[in-house]
Every structure is written in C-alpha cells, then in structure tokens.
Amino acid sequence: MAEHGRSALDVAIELGHDDVVRLLEEAMNKAREEACASATESTPAVEEALFFWTKTNDEARLTALLERGIANIEARDRKERTWGKHRSELSERTVLHIAAEMGHPGCLEALIKAGSNLMAPTEDNSTAMDLAERGTKPPRRGGRKKGGRTSEYEQSEGHKSCVALLEGLMENAREDACASATESTPAVEEALRFYAKVGDKARLTALLERGIANIEARDRKERTGLHLAASEGHPECLEALIKAGSDVMAEDCSGKTAMELLAKRKGKKKAPSLPQEVSLACVTLLEDATKKAHEEACASATESTPAVEEALRFYANVG
C-alpha cells in the first residue's frame, strides 16, 4: 500500500490506465485470495481484501472471507481526502460504512450478519445509515478530466435497499446502546440527535432523564439535537432539550442557530410547510429561551462582549 492507504491500483485508476488496471486487478485478487487462504487471523492483507471486495461489491468473495471468521470487520480504512490545495481531512471508515456509502446491499447484509457495529461513527460522526441516506456523488459529466464529481449527492436504488436493511436494526441498536451506557458515547449522542430529528419525544425524554447524554454533541454539519428538533419542527422535543439545558445560541457549520434554521425551513421548496400552530410553538419556545440566555449574558457582563452585542441585535430585531 502507498502512503495514506493508496495502492498502485488507486493510482492507475486515477490516471486512467485501463490496461494496467485490469492487470493489477487480476494479480491483486489472486494475491488477496492466497493471503486470506493462508491466514489464521486478521492481518493487514486480510483487511485490505475485506475493504477491496466490499468496495467492488464482490459479495461472493466477501461472504467467503466473513464465514471464516478471521477478518477484523471493525478495522478502519484511513485515507486523507483533499479538496483543492488547502483543505483535507482524515477519513476513517469501516467496511460497513463503505458498503452503505456505495449502495451495496448484498455486502451490507453479509457484514450485518457477521456482527458489524451499526452504531460505529465515521470521522464526521456519520453512521452507516447516514451514509446510505446521503448516497454518493456521481462522476461529473464533461467537467474535470480526472473523474471529478458533482457537488450534489444522489441516492441510487442500492442506497435505498441499504436504508431499508438498516432501519429496523438501527432502532434496536440505538436502544441497546443507550440501555447499556453509563456515560455519553458516540452511539448515545447519535441516538439523541435521531430522536430529536424524528420527534420521538418519549425516547428522547427517557434518555435526557438519565443524564448520560452530551446534549451539545454535534453531527457532521455541527448540528446539535436542538438544531435538528427546530429544523424539523418538533416543539415537544425542543421543550425537552431546552429544559435539559441545550444551548439555544449554539451555531452549526454555517453559523446558524436553532431559531435561524427554523426560519430557513420556511423558504425551502422541498420541505413541507409546518402547521401554523406547530411553527408558532417552536418560535415561542426558542424566543423565550433566547431571551433568557441574553438576559443572563447581560446580567453577568461588566463590559461589551460578543454575547452582549448579540443580545443587542436580538432585542433590536424583535422590538
């Protein structure tokens, strides 16, 4: 393997050398089969085979390897992803993440049966379900020469099948993760955000009452449970989170608070309009909580601070 997990095959594909790609694929698959046949435990070669057969949707080879029980299915594929000249991040994903992200339901089902951790987070706190729901970016047509991608994600039929496989299992996995936890974990935090997003007041309240969840934990867009409850219009979940102490002034990756996300929803063409009484209930809860936060910030301040200045702007806007 080359630096940052890039193999000779990765480089050949990137450069468009199709003949070299075919030769390498044949040789590497033979080497993978030999490495797996002689292995009695998980090794870097076995794990590379595991990842490759998942990425290429080779369900037969993947299943045969999983049935031997020697592969570490929670191993991480560490790759540095770069955008432009200055922005990069380290990607850490399991084979379950990759099967979901690429829309390979057969491989996904085999990995689930093998016991893959459904709640495992990626580097940006996405689960396999998040990746399947998001889909992938299709190759750009006619754009950059080296297989550039569009900025929009698309969900294929394969992704939809992956979502269907994961839905019921994720519900049980969340409940199990929360029931066994004694402190906040990525799985507990994902459950909290999910319950807030879908408006599951009963499960959200039960989790909050246990006091183990970090209510300020963020998803890949830097959104907390409060952001998600507001953007989806769930006043009862908003109220529960506010009572638990959620920061109403917290901003997501685009600098928006929960109140601003609620307002932004009104301008979305794809988002169904909220009933007037629901929208009003959400606005009232957030305005009251925001006023309280501003009052506390102003009362404790001895000089101008960003919080005081934000309060001044808020009072001017609401009259």
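Reader: What makes Phe51 something that Thr94 touches?

Author: Contact means heavy atoms within 4.5 Å, and by that rule Thr94 touches Phe51, Ile73, Glu74, Ala75 and Arg76, leaving aside residues up to four places away in sequence. This is a predicted model, where local features need pLDDT of at least 70, side-chain atom pairs count only at pLDDT 80 or more, and totals for chains, interfaces and linings use all residues. Residues are numbered from 1 along each chain as its sequence is written, and side-chain values use heavy atoms, with hydrogens and water left out.

Reader: Why is Thr94 called buried?

Author: Buried means under 20% relative accessible area, exposed over 50%, and partly exposed in between (1.4 Å probe, protein chains only). Thr94 has 1%, so it counts as buried. Across the chain, 39% of the 319 residues are buried too.

Reader: Where does Thr94 lie?

Author: In the loop between β2 (87-93) and α5 (95-102). Helices (H or I, at least four residues) and strands (E, at least two) are DSSP runs, numbered from the N terminus. The chain has 15 helices and 2 strands.

Reader: What makes the lining of the largest cavity 2 nonpolar, 1 polar and 3 charged?

Author: The lining residues are Pro121, Asn125, Pro186, Glu189, Glu190 and Arg193. Ala, Val, Leu, Ile, Met, Phe, Trp, Tyr, Cys and Pro count as nonpolar, Asp, Glu, Lys and Arg as charged, and the others, Gly among them, as polar. That gives the split of 2 nonpolar, 1 polar and 3 charged. For a cavity, a 1.4 Å probe fits on points of a 1 Å grid over the protein atoms alone but cannot get out, and lining residues have an atom within 4 Å of a point.

How values were computed: 1 Å grid on protein atoms, 1.4 Å probe; cavity = no way out; pocket = protein on both sides within 12 Å on 5 of 7 lines; lining within 4 Å.
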